Structure formats: C-alpha cells, structure tokens
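Biologist: I would like to go through this structure with you step by step, beginning with its cysteines and then turning to its rings. Please show it to me before we start.

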Amino acid sequence: VQLQACGGGLVQPGGSLRLSCVASGNIRSISIMNWYRQAPGNQRELVAQMAGGGGTNYSDSVKGRFTISGDNAKNTVNLQMNSLKPEDTAVYYCRLVGIDLSRNPFDSWGQGTQVTVSS
C-alpha cells in the first residue's frame, strides 16, 4: 500500500491549508488514519488520528484548529488546518493502518508534505 500526500505550502499566520493523502494498492479496510508532523530538530509527533469507527483524537497544540476527516471508500484522509501558527511549520506525514486484500496487515506512511507558516 502506497500513500501520496499533497496540499502543503506557504501560508501566512492565521491562514488555512488542507492536506490530503490518497492510498493506492489492494486495500481491504483501513482501521486507523493518522497525521504526524516533524519540525526541524524535533521528534515526529502525532497531530490527529481517526479510528475506523469515526472517533478522533488531536494533540493539544492543534485541538480546535485542525480537523481530520477520512473516506474509507476512496482510501483518503484529509487534514483541514485553520488558524495556522508559525509553530505549525513542519513536514506533515500521513499514516494509514489496515488490512489488505490478502488479509495481511499494513502500516504505511506517506512521503511528507512541507507546511510553512510565515509572514
């Protein structure tokens, strides 16, 4: 299973961006959709997570500003980012966990997309 992330870019503080991640391959089901980010010199951190049942979880730093959404039928996961701050600057990665058509588990990461918040 391969993931392709897009939607990053340069935005001014207070602006918005929408990241998308599309999975390709023989996917039977997706159980967990995640967005992580990694800023220079920092460890990769979990930003948002959505379980198969629709429950969501956000890091305290983005709660109320970011929204994760997913479409299992289209094998996509999105991250709507509003009220962006300079400290949101990082490379953002999607990660999907699920089962493929051979009933084998997969745990795949996207290639990362750069988000820069700066005036």
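Biologist: In this predicted model, how far apart are the sulfur atoms of C21 and C94?

Modeller: A disulfide is called when two cysteine sulfur atoms lie within 2.5 Å. C21 and C94 satisfy this and form a disulfide, and the count by this rule comes to 1 disulfide. The distance between the sulfur atoms of C21 and C94 is 2.1 Å.

Biologist: Which parts of the chain does this pair tie together, and how many residues apart are they in sequence?

Modeller: C21 belongs to strand β3, residues 17–24, while C94 belongs to strand β9, residues 90–100. The disulfide therefore ties together parts whose separation in sequence is 73 residues.

Biologist: Is C21 buried or exposed?

Modeller: A residue counts as buried when its relative accessible area is under 20%. The value for C21 is 0%, and C94 likewise has 0% and counts as buried. C21 is therefore buried.

Biologist: Which cysteine sulfur is nearest to that of C6, and how far away is it?

Modeller: C6 takes part in no disulfide, and with a relative accessible area of 43% this residue is partly exposed. The nearest cysteine sulfur to C6 is that of C21, at 8.5 Å.

Biologist: What is the handedness of the disulfide between C21 and C94?

Modeller: Here one looks at the torsion about the S-S bond of C21 and C94, which is about 60°. With that torsion, the disulfide is right-handed.

Biologist: Which residues touch the most other members of the largest nonpolar core?

Modeller: This core has 30 residues, and several strands each supply at least two of them, including β3, β4 (27–38) and β9. The residues that touch the most other members are W35, L79, M81 and Y92.

Biologist: What kind of aromatic pair do Y36 and W109 form?

Modeller: Y36 lies in strand β4 and W109 in strand β10, residues 105–109; Y36 is buried at 13% relative accessible area, whereas W109 is partly exposed at 35%. Their rings are 4.7 Å apart, centre to centre, with 50° between the planes. Planes under 30 degrees apart would count as stacked and those over 60 as edge-to-face, so the pair of Y36 and W109 is tilted.

Biologist: Over which rings does the charged end of R44 sit?

Modeller: One ring centre, that of Y93, is 3.7 Å from the charged end of R44. Another, that of W109, is 4.8 Å from this charged end. The charged end of R44 sits over the rings of Y93 and W109.

Key: Residues numbered from 1 in each chain as written. Predicted model: local features only at pLDDT ≥ 70, side-chain atom pairs only at ≥ 80, totals over all residues. Heavy atoms only, no water. Helix = DSSP H or I, 4+ residues; strand = E, 2+ residues; numbered from the N terminus. Buried < 20%, exposed > 50% of the residue type's maximum accessible area, 1.4 Å probe, protein only. Core = buried A, V, L, I, M, F, W, Y, C linked by side-chain atoms within 4.5 Å. Phe/Tyr/Trp six-rings, centres within 6.5 Å; stacked < 30°, edge-to-face > 60°. Lys NZ or Arg CZ within 6 Å of the ring centre and 35° of its normal.
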